[in-house]
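Visitor: I'd like to go through this one label by label and hear the reasoning behind each. Can you take me around?

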Amino acid sequence: SLARSEESADLLAKMGSQVTFGDISERASMRGGMQGSDVVFHLAAQYAIGAVDREQMEIINVGGTRKVLRLAQELGVPRIIYTSTVNVFGDTKGKYVDETYYNDGPFLTEYDRTKWLAHYKVALPMMEKGVPITIAMPGPAYGPGDQSILADMMRMFYRGFPIVPGPDTVLTFTHVDDVAEGLLLAFEKGRVGETYILTGPAIPLGEIVDFWAQLTGKSAPPLRVPASLVRASAPFADLAGPFTDIDSVISKEGASLTGATYMTRSDKARQELGWQTRPLQLGMLETFEWIAATEDERQTKTIQMREQKLARFALIAALILLLAWLFSRRRAT
């Protein structure tokens, strides 16, 4: 496994992996770990919703994918499993789609756009030229340890946030362990040159929060705000997001996602790979248990972060006032 930090290396080692330090943006750092491998699983990407560095995300998601796949080809690795995403399809406009679907934009997030480039401009052309690539396309994953927009939405619900923004927004829900199992099956049973969608059920946001309420015994959010109103507030969302630890939801990109549908079918993976997903209630309860266990720590970090940012804003405001006062005195004399 490739790791960039001591923290991730320790985590991988505890899971039984042999760790190599490196970075997908630095081709030479991957050579030693990849040399002689039976298979390369390329999962690394920058996932972020909200205020993102467009250039950096493209360097990692597009350029990094190009470096990984080309190096695996050069070293003669016999199998390559590339982890794409159903986000490359963008908003499916209320239609269930499969691996044959194609959409070239516009995209609602930089993550969607850069993963589209990696999929259609890097991985797929190499696969069509005979490089032994199999593409796996998970949807949004949830589960203990999750840091995605799904985890942020679940934390909002757990904290009693009274609003459901865009209840008609449709996402798929797939437990992270089921995604991992799907990637292994793509290697063991998947065909070279094929693509497999790995997604759980597609559920509107309004329905999933009602399901969470039934599971946990908490009250469902009473206010359902239409997606059109949420999108209208998008330009202001980035101002509030940095003061929370759920800034993927409270952000311009997060607001732009409301009302969209990411609806995909995983029939091919189920039939050809024998892939299955666990009951939704089991995975969701496990995730809420993790949220409950980590909430105090998250809240403490949020307060500290908010105080630090307010202090910086206060300092900047004081400097601006001081400069304005000095300028006014100079003009007066």
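Guide: Let's start with a pair of side chains in this predicted model. Arginine 265 and aspartate 267 form a salt bridge, with 3.3 Å between the closest N and O atoms.

Visitor: What makes the contact between arginine 265 and aspartate 267 a salt bridge?

Guide: The rule wants a side-chain nitrogen of Lys or Arg within 4 Å of a carboxyl oxygen of Asp or Glu. Here the closest N and O atoms are 3.3 Å apart, so the pair passes the 4 Å cut-off.

Visitor: And is arginine 265 buried or exposed, or something in between?

Guide: In between. Arginine 265 has a relative accessible area of 40%, and partly exposed covers the range between the 20% and 50% limits. Aspartate 267, at 33%, counts as partly exposed too. Elsewhere, salt bridges with shared partners tie Arg54, Glu58, Glu110 and Arg113 into one network.

Visitor: How many salt bridges does the rule give?

Guide: The count comes to 15. One of them joins glutamate 74 and arginine 27, at 2.1 Å from N to O. That pair links distant parts of the chain: glutamate 74 sits in helix H3 (residues 54-74) and arginine 27 in helix H2 (residues 27-34), 47 residues apart. Glutamate 74 is partly exposed at 44% relative accessibility, and arginine 27 is partly exposed at 29%.

Visitor: Lysine 93 and aspartate 91 also meet in a salt bridge. Why is lysine 93 called exposed, and why is aspartate 91 called buried?

Guide: Exposed means over 50%, and lysine 93 has 66% relative accessibility, so it earns that label. Buried means under 20%, and aspartate 91 is at 18%, so it falls on the buried side. Their N to O distance is 3.7 Å, which is within 4 Å, so the salt bridge holds by the rule.

Visitor: How do you know that leucine 273 is buried?

Guide: Leucine 273 has 1% relative accessibility, and the limit is under 20%, so buried it is. Leucine 273 lies in the loop between helix H11 (267-272) and helix H12 (280-332). From C-alpha to C-alpha, leucine 273 and lysine 189 are 5.6 Å apart in space, though 84 residues apart in sequence.

Visitor: What makes the nonpolar surface patch, and why can phenylalanine 161 belong to it?

Guide: Phe161, Ile163 and Leu223 make the patch, which is about 230 Å². Patch residues need over 30% relative accessible area, and phenylalanine 161 has 33%, so it clears that bar while still counting as partly exposed. Phenylalanine 161 is in the loop between helix H5 (149-158) and strand E7 (163-165).

Visitor: How do you know where empty space is left?

Guide: Rolling a probe the size of a water molecule over the atoms shows it. The structure holds one cavity of 30 Å³ or more. The largest cavity has about 40 Å³ of space, so it meets that 30 Å³ limit. Its lining includes Tyr142, Phe173 and Arg278, and by class the lining has four nonpolar, three polar and two charged residues.

Visitor: And which residues line the second largest pocket?

Guide: Among them are Glu99, Tyr102, His119, Met137 and Lys268. This pocket has a volume of about 150 Å³. Helix H4 (residues 110-128) gives the largest share of its lining, three residues. The lining divides into five nonpolar, four polar and three charged residues.

Note on methods:
Residues are numbered from 1 along each chain as its sequence is written. This is a predicted model: local features need pLDDT of at least 70, side-chain atom pairs count only at pLDDT 80 or more; totals for chains, interfaces and linings use all residues. Side-chain values use heavy atoms; hydrogens and water are left out. On a 1 Å grid over the protein atoms alone, a cavity is a set of points where a 1.4 Å probe fits but cannot get out, and a pocket is an open set with protein on both sides within 12 Å along at least five of seven lines; lining residues have an atom within 4 Å of a point. Helices (H or I, at least four residues) and strands (E, at least two) are DSSP runs, numbered from the N terminus. Ala, Val, Leu, Ile, Met, Phe, Trp, Tyr, Cys and Pro count as nonpolar, Asp, Glu, Lys and Arg as charged, and the others, Gly among them, as polar. Patches are made of residues with over 30% relative accessible area and no salt bridge: like charges are joined within 9 Å, nonpolar side chains (Val, Leu, Ile, Met, Phe, Trp, Tyr) within 5 Å. Accessible areas come from the Shrake-Rupley method with a 1.4 Å probe; for residues, only the protein chains shown count as cover. Buried means under 20% relative accessible area, exposed over 50%, partly exposed in between (1.4 Å probe, protein chains only).
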